[in-house]
Amino acid sequence: LWDVDGNELNVGQGECQALILPFTIGCNDSEALNYNPDADGCIEDDPVDFSCCEYEGNQVTLSFGTVDEDSGTMEILMDSSEDVYGFQFDITGVTISNFEAGSIVPSDWMVSASNFRVLGFSLMGTYIPAGSGTLGTLTYEAEEGDICFEEGVMSGADGVSLTVGYGDCLGEGECDDIDADGICDDIDDCI
């Protein structure tokens, strides 16, 4: 290097600086529908957070099991392809007075329900293994309209959000069908 008069300059070496590239937010799970090979993760500086990733089908499905209208109880069933570390969901058309954990819920879990919401998690880090079974039984008082799941939130390992789907609602459209021919008894000529 030379100055403007053509004199050679003595140049020393300084410290190297690391090149810091910006964190690109997006889904970096190659199995997801919205995979972005240029993404670094869903949350800045956390390359293993897949909460913004979308997958084919649902990772968790909630549905209704046995319903006993006389005693006001119903089973809540869960089918999951992933381990579940916490859950929360709402049920419309009922007022919930109690929720008793089912056979798939570890014994250290805290579960609660009030009005329309059910919540469950562990302070010990235990989880519900992937699979199917009875999540719990709730005691309820029926209100007007269909009984449906909504606002389901399921957490996987490291708090990753799992996709949630729902089985059929209960209520309108259901009917007695004593001879199991798929025709409601009130219009069935062959009971």
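This passage describes the fold, core and surface of one predicted chain.

The model is predicted, and local features are restricted to pLDDT of at least 70, side-chain atom pairs to pLDDT 80 or more, while totals for chains, interfaces and linings use all residues. Residues are numbered from 1 along each chain as its sequence is written, and side-chain values use heavy atoms, without hydrogens or water.

The chain contains zero helices and 10 strands. Both kinds of element are DSSP runs numbered from the N terminus: helices are H or I runs of at least four residues, and strands are E runs of at least two. From the N terminus on, the order of elements is β-β-β-β-β-β-β-β-β-β. Of the 191 residues, 28% are buried. Buried denotes a relative accessible area under 20%, exposed over 50%, and partly exposed the range in between, with a 1.4 Å probe and protein chains only. Contacts are heavy atoms within 4.5 Å. Among contacts with a separation of 6 or more, 55% join residues 24 or more positions apart.

Five strands form an open sheet in the order β5-β6-β3-β8-β9, with antiparallel pairing. Its edge strands are β5 (110-114) and β9 (161-162), each paired on one side only. Pairing requires at least two DSSP bridges between two strands. Strands β3 (residues 86-92) and β6 (residues 117-121) run antiparallel and are joined by five bridges. Within this pair, Phe89 has Val118 of β6 as its bridge partner.

Phe89 also belongs to the largest nonpolar core. A core of this kind is a set of buried Ala, Val, Leu, Ile, Met, Phe, Trp, Tyr and Cys residues joined through side-chain atoms within 4.5 Å. This one has 27 residues, of which Ile76, Phe89, Ile91, Leu135 and Met154 touch the most other members. Two or more core residues come from each of β1 (60-68), β2 (73-80), β3, β4 (94-101), β7 and β8 (148-155). Leaving out residues up to four places away in sequence, Phe89 touches Leu62, Ile76, Phe116, Arg117, Val118, Leu135, Phe149, Glu150, Glu151, Gly152 and Met154.

Glu151, one of the contacts of Phe89, lies in strand β8. Glu151 counts as exposed because its relative accessible area is 54%. Its phi is positive, about 55°, although Glu151 is not a glycine. Asn115 likewise has a positive phi of about 55° and is not a glycine. Most residues other than glycine have a negative phi. Asn115 sits in the loop between β5 and β6. Its relative accessibility is 48%, so Asn115 counts as partly exposed.

The chain exposes about 12,300 Å², of which carbon and sulfur atoms supply 48%. Accessible areas follow the Shrake-Rupley method with a 1.4 Å probe; for residues, only the protein chains shown count as cover. Met110, Phe121 and Leu123 make a nonpolar surface patch of about 300 Å². Patch residues have over 30% relative accessible area and no salt bridge; like charges are joined within 9 Å, and nonpolar side chains (Val, Leu, Ile, Met, Phe, Trp, Tyr) within 5 Å. A salt bridge places a side-chain nitrogen of Lys or Arg within 4 Å of a carboxyl oxygen of Asp or Glu. Leu123 lies in the loop between β6 and β7. Leu123 is exposed because its relative accessibility is 65%.

Glu141 is located in strand β7 (residues 131-142). At 59% relative accessible area, Glu141 is exposed. Beyond its neighbours within four places in sequence, Glu141 contacts Val94 and Thr95. The C-alpha atoms of Glu141 and Ser71 are 9.5 Å apart, with their positions 70 residues apart along the chain.
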